[in-house]
Amino acid sequence: MPARLRGHLDRLDHALHGWVVDPSRPEASLELTLLVDGVPRASTAARLPRPDVAAAGLGGPACGFVLTLPAECLDGREHDLALQLPGGRPFQLPGIAPRTMLGRTRFQVLPAGPELLASAVALLRQSNVESALDPGLVDCDVVRHWLGGANDPSRRVLKLAQANDRLVGYAEVDRRMVHGAPAGLLRMSVLAAYRRRGIGEALLARAEQRAATLGDTAMWLTVAETNAPARALYRKRGFHPAAQVPLLAWRHAAALAKVKPLLGNPPAGSPPP
Ligand SMILES: CC(C)(COP(=O)(O)OP(=O)(O)OC[C@H]1O[C@@H](n2cnc3c(N)ncnc32)[C@H](O)[C@@H]1OP(=O)(O)O)[C@@H](O)C(=O)NCCC(=O)NCCS
């Protein structure tokens with residue numbers, strides 16, 4: 001993003017919703033063009049009311065925009081998104097991954113299996129890249145063990161999400177008992193290009209359902225106070241702050257422990273875990 005600009009991409013559906021201001025000219029409505037894979041696809045002036053941005057002292061009050069995507073771009077595939085000011089260079093705003101899926105996502109949640117090895121290696125390497133970790137740390141043997149270990153339901157539940165013929169997310173529950181308490185410590189991630197499409201929620205629901213079927217009565221997790229997307233997801237799924245921090249959460253000193261009681265059996269008509 002040009003140093004002089006401030007802004008954010010808030011939402012992506014059939015259009016890209018966000019706001020942008022030039023703090024040196026806060027009253028100016030910036031003319032924006034949306035590039036999809038480097039091709040100009042939509043233009044608008046950022047002048048929609050954004051009282052929230054103004055109230056936060058970030059700019060405005062009329063700096064919002066909606067850039068409607070042409071129907072042919074909404075093809076369920078990954079695309080590169082960028083914005084451009086007249087005569088300027090392409091730039092990105094924070095909030096939505098620059099390479100992202102457009103249109104409806106068809107995805108399925110799968111149990112772990114050895115046939116997913118190559119795709120799981122690619123998933124974990126990409127997750128590392130997105131977390132600023134070395135993708136080289138993801139080793140085939142470790143991933144084979146990760147997938148294979150999920151076959152032991154007394155220890156772990158692992159659910160994987162697949163879209164566009166690749167794995168795009170996972171949720172993992174650790175079922176080891178620690179000092180007699182149901183652990184259920186959870187890790188989960190969805191690739192940035194596939195977020196905000198219900199994949200994280202579906203993964204979590206299926207992992208909870210499987211754990212409940214196996215007899216777990218509660219699921220613990222820890223989440224950083226600054227991780228707003230994950231906290232919103234966990235709140236939506238019914239997790240609430242834990243009265244007591246489980247032992248496994250101690251090593252995440254900065255994290256907030258949450259707990260959710262799991263009902264014994266999945267609701268009637270729900271898909272098999
Ligand atoms: C947290 C994470 C797994 C969510 O995955 P996702 O597929 O984008 O989530 P979903 O699309 O299923 O969202 C389900 C709900 O979560 C909440 N949510 C998810 N992302 C959100 C965001 N960026 N802002 C606000 N709410 C958000 C919403 O309530 C959403 O429901 P809605 O779409 O009806 O509003 C994903 O952001 C991620 O992988 N983050 C990085 C890794 C991480 O933080 N893991 C958790 C560690 S504790």
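Colleague: Why does P70 count as exposed?

Modeller: P70 has 11 C-beta neighbours inside 10 Å, and a residue is called exposed if 12 or fewer other C-beta atoms, placed from the backbone, lie within 10 Å of its own, buried if there are 20 or more, and partly exposed in between. The count for P70 falls within the first limit, so P70 is exposed. This is a predicted model, in which local features need pLDDT of at least 70 and side-chain atom pairs count only at pLDDT 80 or more, while totals for chains, interfaces and linings use all residues. Residues are numbered from 1 along each chain as its sequence is written.

Colleague: Where does P70 lie, and how far is its C-alpha atom from that of A42?

Modeller: P70 sits in the loop between β6 (62–68) and β7, where strands (E, at least two residues) and helices (H or I, at least four) are DSSP runs numbered from the N terminus. Its C-alpha atom is 7.7 Å from that of A42, although 28 residues separate the two along the chain.

Colleague: What makes F91 and Q92 partly exposed?

Modeller: F91 has 16 other C-beta atoms within 10 Å and Q92 has 15; both counts lie between the limits for exposed and buried, so the middle class applies. The loop between β7 and β8 holds F91, and Q92 is placed in the loop between β7 (77–84) and β8 (99–102). From C-alpha to C-alpha, F91 is 9.0 Å from L81, 10 residues away along the chain, and Q92 is 9.1 Å from H8, with their positions 84 residues apart in sequence.

Colleague: Which class do S24 and D165 fall into, buried or exposed?

Modeller: S24 has 8 C-beta neighbours inside 10 Å and D165 has 6, so both count as exposed. S24 belongs to the loop between β2 (15–21) and β3 (31–36), and D165 to the loop between β10 (156–163) and β11 (166–174). D165 also has a phi near 60°, a positive value in a residue other than glycine.

Colleague: Why is R196 called partly exposed?

Modeller: R196 has 16 C-beta neighbours inside 10 Å, so it is placed in the partly exposed class. Its place is in the loop between β14 and α4, and its phi, near 60°, is positive in a residue other than glycine.

Colleague: How do you know that the length of α4 agrees with its residue count?

Modeller: The expected span of a helix is 1.5 Å times one less than its number of residues; the 15 residues of α4 should therefore span 21 Å, and its end C-alpha atoms are 21 Å apart, which agrees. The buried residues of α4 include I199, G200, L203 and L204, and just after this helix G215 takes a positive phi of about 110°.

Colleague: What makes a group of residues a nonpolar core, and where does the largest one lie?

Modeller: A nonpolar core is a set of buried Ala, Val, Leu, Ile, Met, Phe, Trp, Tyr and Cys residues joined through C-beta atoms within 7 Å. The largest has 59 residues, and among those with the most contacts inside it are V20, L32 and L203. Domain 1 (6–102) and domain 2 (107–261) both contribute residues, so this core lies between them; the domain bounds come from an automatic or database assignment. Beyond its neighbours within four places in sequence, V20 is in contact (C-beta atoms, placed from the backbone, within 7 Å) with residues including L5, L32 and F65.

Colleague: Which residues are closest to the ligand, and how does the shell divide by residue class?

Modeller: The ligand is surrounded by 18 residues, the closest being R195, G200, E201, A232 and L233; a residue is near a molecule if its C-beta atom, placed from the backbone, lies within 6 Å of it. Nine are nonpolar, four polar and five charged, where Ala, Val, Leu, Ile, Met, Phe, Trp, Tyr, Cys and Pro count as nonpolar, Asp, Glu, Lys and Arg as charged, and the others, Gly among them, as polar. β14 (185–190), α4 (199–213) and α5 (228–236) each supply at least two residues of the shell, and α5 gives the most, with six.

Note on methods:
Contact = placed C-beta atoms within 7 Å.
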